[in-house]
Amino acid sequence: MAAAALGQIWARKLLPVSWLLCGPRRYASSNFKAADLQLEITREPHEKPDPSKPLAFGKNFTDHMLMVEWTEKKGWGQPRIQPFQNLMLHPACSGLHYSLLFEGMKAFKGSDQQVRLFRPWLNMDRMLRSALRLCLPSFDKVELLECIRRLVEVDKDWVPDDTNASLYVRPVIIGNEPSLGVARSSQALLFVILCPVGPYFPGDAVDPVSLLADPTFIRAWVGGVGDYKVGGNYGPTVLVQEEAKKRGCEQVLWLYGPDHQLTEVGTMNIFIYWTYEDGVLELVTPSLDGIILPGVVRQSLLDLARTWGEFRVVERKITMKELLRALDEGRVREVFGSGTACQVCPVHRIVYQGKHLHIPTMENGPELIHRFLKELRAIQYGTGTHEWMLPV
Ligand SMILES: Cc1ncc(COP(=O)(O)O)c(C=O)c1O
């Protein structure tokens, strides 16, 4: 459909009478509302990526973005879906220095061509927690989600029609006060951008990764902000990721504390499927004790495994000593990471204190990983709407 025609439909659907009467400058509220969305359809749609070529993560953006401005004096402005564009920021704006949070979730196109978002409510919960932790403005999660849903609807032709690909949704809030002092920002910008993304694992194979576990690098600590999705947690990890590459590993296994607790893998949560010391088969992941990001896929794997009820599912501390002993005694079945990008990612090697530990994940099927991937895929690309999916 021509952009202009689509624009008219959306204008009828979205432009509220109140905005037409009052004009955007008069609009201000302690919460913005999806019913007040303004829509400006692009006059210059971008070319969509060639579906036959691999899609690099986070490099292609859709035609539109969501933008909402906030000031301490006026509250939230009117939410806008507008053509994708650069931001104009004051060089002193706090978001460029220290005040930034983000989220990451995905929309999938089912074989019935219906686009659905995967458990976006959990991302909204996490985003609001992050906003409050950074003293950025609170917002109504239901209204933001409805604005995001409409943004995805506007750009739904960008959701790849491929059961290996999806549309990545990146909401962001930044402090926008043009001043250098480290203080509560009196201005903020909330925006959401969208990227079509290809499969993490090309084909049906799931490729395992190797991990560098070096306790001299610490991602997060008790009393810190590792359990929030704030920008400051990520910049310092790039150097460690490069160090892992130099030492022949693909990702970092983040250890913590004198007992070398396993906490996360790169930007994924970690799981071990093993026979524990008491002889019971279990799936374990570290508990949410303040240093672990509460991952949406982490929660989903726990929920699925608990529904199956076939083995013990537990959230508790895991140490390298326990893992070494279990490897020695042949009790480890699978080790894997979980996250929105890959869903589930097997681990086959850990480099720790000069030793190369072989993890027998791939020799064991990996049965559990394949089962999780199959179940998640059935939910995400399925046609009947599962309660975890929000139709767009
Ligand atoms: C540090 C960290 N851990 C875990 C995850 C996995 O979270 P999710 O399953 O919500 O993608 C992410 C990604 O957001 C992350 O950045």
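In this predicted model, an oxygen atom of the ligand lies 2.6 Å from an N or O atom in the side chain of Tyr234. The protein covers 95% of the 390 Å² of accessible area that the ligand has on its own, and the space that the ligand takes is the largest pocket. A search of the whole structure also finds three cavities of 30 Å³ or more, and the largest of these cavities has a lining that is described below along with the ligand shell and the pocket.

**Ligand contacts and shell**

- Besides the side chain of Tyr234, which is 2.6 Å from a ligand oxygen atom, Arg126 places a polar side-chain atom 2.8 Å from an oxygen atom of the ligand.
- The backbone takes part through Val297, where an N or O atom of the main chain lies 2.9 Å from an oxygen atom of the ligand.
- There are 15 residues around the ligand, and those that come nearest are Lys229, Tyr234, Glu264, Val296 and Thr340.
- Sorted by class, this shell consists of five nonpolar, six polar and four charged residues.
- At least two shell residues are supplied by each of β13 (268-275), α7 (296-308) and β16 (332-339).

**The largest pocket**

- The pocket whose space the ligand takes holds about 1000 Å³.
- Its lining is made up of 38 residues, and Phe57, Lys229, Tyr234, Thr267 and Ala341 are the ones that lie nearest the centre of the pocket.
- Lys229 and Tyr234 therefore appear in two lists, being named among the residues that come nearest the ligand and among those nearest the pocket centre.- The pocket lining divides into 17 nonpolar, 14 polar and seven charged residues.
- Elements that each supply at least two residues of this lining are β8 (166-175), α6 (237-246), β11 (251-256), β13, α7 and β16.

**The largest cavity**

- Among the cavities found in the search, of which there are three at 30 Å³ or more, the largest contains about 60 Å³ of space.
- Met105, Lys106, Phe108, Phe118, Asn123, Val296, Val297, Thr340, Gln343 and Gln380 line this cavity.
- By class, the cavity lining has five nonpolar residues, four polar residues and one charged residue.
- Both β6 (105-109) and α7 supply at least two residues of the cavity lining, with β6 giving the largest share, three residues.
- Val297, whose backbone lies 2.9 Å from a ligand oxygen atom through an N or O atom, is one of the residues that line the largest cavity.
- Val296 and Thr340, which are among the residues that come nearest the ligand, also belong to the lining of the largest cavity.

Methods. Residues are numbered from 1 along each chain as its sequence is written. This is a predicted model: local features need pLDDT of at least 70, side-chain atom pairs count only at pLDDT 80 or more; totals for chains, interfaces and linings use all residues. Side-chain values use heavy atoms; hydrogens and water are left out. A residue is near a molecule or strand if one of its heavy atoms lies within 4 Å of it. A polar contact is a pair of N or O atoms within 3.5 Å; within protein, one must be able to donate a hydrogen and the other to accept it, and residues adjacent in sequence count only if both atoms are side-chain atoms. Accessible areas come from the Shrake-Rupley method with a 1.4 Å probe; for residues, only the protein chains shown count as cover. On a 1 Å grid over the protein atoms alone, a cavity is a set of points where a 1.4 Å probe fits but cannot get out, and a pocket is an open set with protein on both sides within 12 Å along at least five of seven lines; lining residues have an atom within 4 Å of a point. A molecule sits in a cavity or pocket if more than half of its atoms lie within 2 Å of its grid points. Helices (H or I, at least four residues) and strands (E, at least two) are DSSP runs, numbered from the N terminus. Ala, Val, Leu, Ile, Met, Phe, Trp, Tyr, Cys and Pro count as nonpolar, Asp, Glu, Lys and Arg as charged, and the others, Gly among them, as polar. Grid points are joined across faces, edges and corners, and a volume is the space filled by probe spheres set on the points.
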